[in-house]
Amino acid sequence: DGAGPEEAGIHMAGAAAGGNREQGGAAIGDGPLAVGRIVQAQVLRLNRKKSLLLLEKDARVEGAASALKAGRIALQLDAEFVHAAWSLATGKARFRSQRAAADGRPQDIEIAANRILLKHEEQGRLRVIEVRGAANLSVRSPQGTSRIRSDAVDLELDPPTQTLREARMLARGTLTRKGREGLRVESSSMKARYDAAGELAAVEAKGQCEFASADFKGSSSRLDYDAVAGTIAIAGKEAVIDRGGNRFASSQFQLQPGRKTFSSEQGVKATLVPKAKSVLLGARPAFVTAASLSASAAGGVSRFQGDVRLFQDDLELHAGELTFQEGGGFSCRGGARLALVHDGQPLALSGQAIDLASGRGRVVIEGEARLEQGGQALAARRIELVFAADDKLRDVFASGAASFRKESLEGRCQSLHWKYSRQEVWFRDEAELTRAGAGTTRGQELVLALAGDRITVDGRDDRSRTTLGGGTP
């Protein structure tokens, strides 16, 4: 483990207890043998010609800050028996190292595998560890613990501090990080880098990557984790993120697990499942495409931007921006258009903004708001649709330069109430109704019965007048 000459003593407790010592211990002890303070096994064999020491049955080599245990350990020593070139442990091999990084922070490494090969530099300091067969590694530091599992892992250590600097996974496996940010990554190949303080700094994974954090999970062909910045970048032909039953796909995503957010600027497809039904939208999958996405698990909000399209059954929505809340609410901005079938007839809504609120039974359209259904059209600065408990449209309210048109009839006012279930339209405040070729009716309040196109005039305290055919009666 890099011990100095002062650690030259050899303890052979296993052999002394009745093991078969085929080569004399005194011959081993003639040199300092700086591979460890304790060398122990039931059977020790020394090949002086090859400078090879074999430990068999409960083999153990321990230094001041590390220990290697296995059913069999082979030590390749230099000619003076001062340093080891390599140490090979096979059969339920275990390795433990407790070191301090450059700034004094501790880093503990534990390895279990079928085979562990330690490679040393000329001065005996450990440089590379090759782990093969059911490898299970644990790296503990003040900021958390990272665990690696794979059939083949190579570790590179920093010679001065003997702390881990890089772990390369050569076969499919997993890396799990516990601590400040929980993360699990599985891939065909992976590289984990540790900084000078012994903390996990970055992870690069390639080939059928899968990952999971406290709030997200997903898959991609490439994953890059920056532990310092707390960000994950995934990319591939179709990188996927799953959150709360909703699925997002793009060629690239940026995630910040600590902030519970993710985003994409590369075109997005999503399958959204509202947890509760909202007006016009049921609690079943809705499909969305957009140019970009920013989302947060906090509050379950996803914001789509750029040529947004949403589809669910016979409903189709187009907008510049769409905000989805997992509770069931949708709102959209930037020239929104919504088309669906209601009461057996096509219903079209449009405006600068449309809000489909969850649990309130209302749809609000603002900014150049417009509603069209069955040859009837309503326009205003603001339109609000109110639905009954059975999802049937009950009332429509319009305000701000409202206009209503049906075939040859056109009405205008400042405040309009369309009693949809009664098929009546009430015009209030500067109200007027014009029938093409017949005349104009004005009043403080006008009522249009859609069934027979009958107009009722209620002038209340003001003077109402009706103009027919251009004349004034």
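These questions and answers go through one residue, the cores, a cavity and the pockets of a predicted model.

Student: Is Thr161 buried or exposed?
Tutor: Thr161 sits in the loop between β8 (144-158) and β9 (163-169). Its relative accessible area is 17%. The cut-off for the buried class is under 20%, so Thr161 is buried.

Student: Which side chain makes a polar contact with the side chain of Thr161?
Tutor: Leaving aside neighbours within four places in sequence, Thr161 is in contact with Arg99, Ala100, Ala101 and Ala102. The polar contact of its side chain is with another residue, at 2.8 Å. That partner is the side chain of Asp158.

Student: Which strand gives the most to the largest nonpolar core?
Tutor: The largest nonpolar core has 113 residues, and Ile116 and Phe304 have the most contacts inside it. The strand that gives the most to this core supplies 6 residues. That strand is β7 (residues 126-141).

Student: How many residues are in the second, separate core?
Tutor: Phe304, in the largest core, touches Phe248, Val268 and Leu322, among others. The second core is separate, and its residues include Leu54, Ala74, Leu88 and Leu117. The number of residues in this second core is 5.

Student: Which element gives the most to the lining of the second largest cavity?
Tutor: The count of cavities of 30 Å³ or more is 3, and the second largest holds about 50 Å³ of space. Its lining includes Val139, Ser141, Gly144, Thr145 and Tyr194. The elements that give two or more residues to this lining are β7 and β8. With 3 residues, the element that gives the most is β8.

Student: How many charged residues are in the lining of the largest pocket?
Tutor: About 240 Å³ of space lies in the largest pocket. It is lined by 16 residues, and those closest to its centre are Leu280, Leu281, Arg284, Leu340 and Asp391. Strand β23 (residues 330-342) gives the most to the lining, with 3 residues. By class there are 7 nonpolar and 4 polar residues, and the number of charged residues is 5.

Student: Which elements give two or more residues to the lining of the second largest pocket?
Tutor: The second largest pocket has about 150 Å³ of space. Its lining includes Lys69, Arg94, Glu110 and Asn136, and divides into 4 nonpolar, 2 polar and 5 charged residues. The elements that give two or more residues are β4 (66-77), β5 (84-100), β6 (106-120) and β7.

Methods
Residues are numbered from 1 along each chain as its sequence is written. This is a predicted model: local features need pLDDT of at least 70, side-chain atom pairs count only at pLDDT 80 or more; totals for chains, interfaces and linings use all residues. Side-chain values use heavy atoms; hydrogens and water are left out. Helices (H or I, at least four residues) and strands (E, at least two) are DSSP runs, numbered from the N terminus. Buried means under 20% relative accessible area, exposed over 50%, partly exposed in between (1.4 Å probe, protein chains only). A polar contact is a pair of N or O atoms within 3.5 Å; within protein, one must be able to donate a hydrogen and the other to accept it, and residues adjacent in sequence count only if both atoms are side-chain atoms. Contact means heavy atoms within 4.5 Å. A nonpolar core is a set of buried Ala, Val, Leu, Ile, Met, Phe, Trp, Tyr and Cys residues joined through side-chain atoms within 4.5 Å. On a 1 Å grid over the protein atoms alone, a cavity is a set of points where a 1.4 Å probe fits but cannot get out, and a pocket is an open set with protein on both sides within 12 Å along at least five of seven lines; lining residues have an atom within 4 Å of a point. Grid points are joined across faces, edges and corners, and a volume is the space filled by probe spheres set on the points. Ala, Val, Leu, Ile, Met, Phe, Trp, Tyr, Cys and Pro count as nonpolar, Asp, Glu, Lys and Arg as charged, and the others, Gly among them, as polar.
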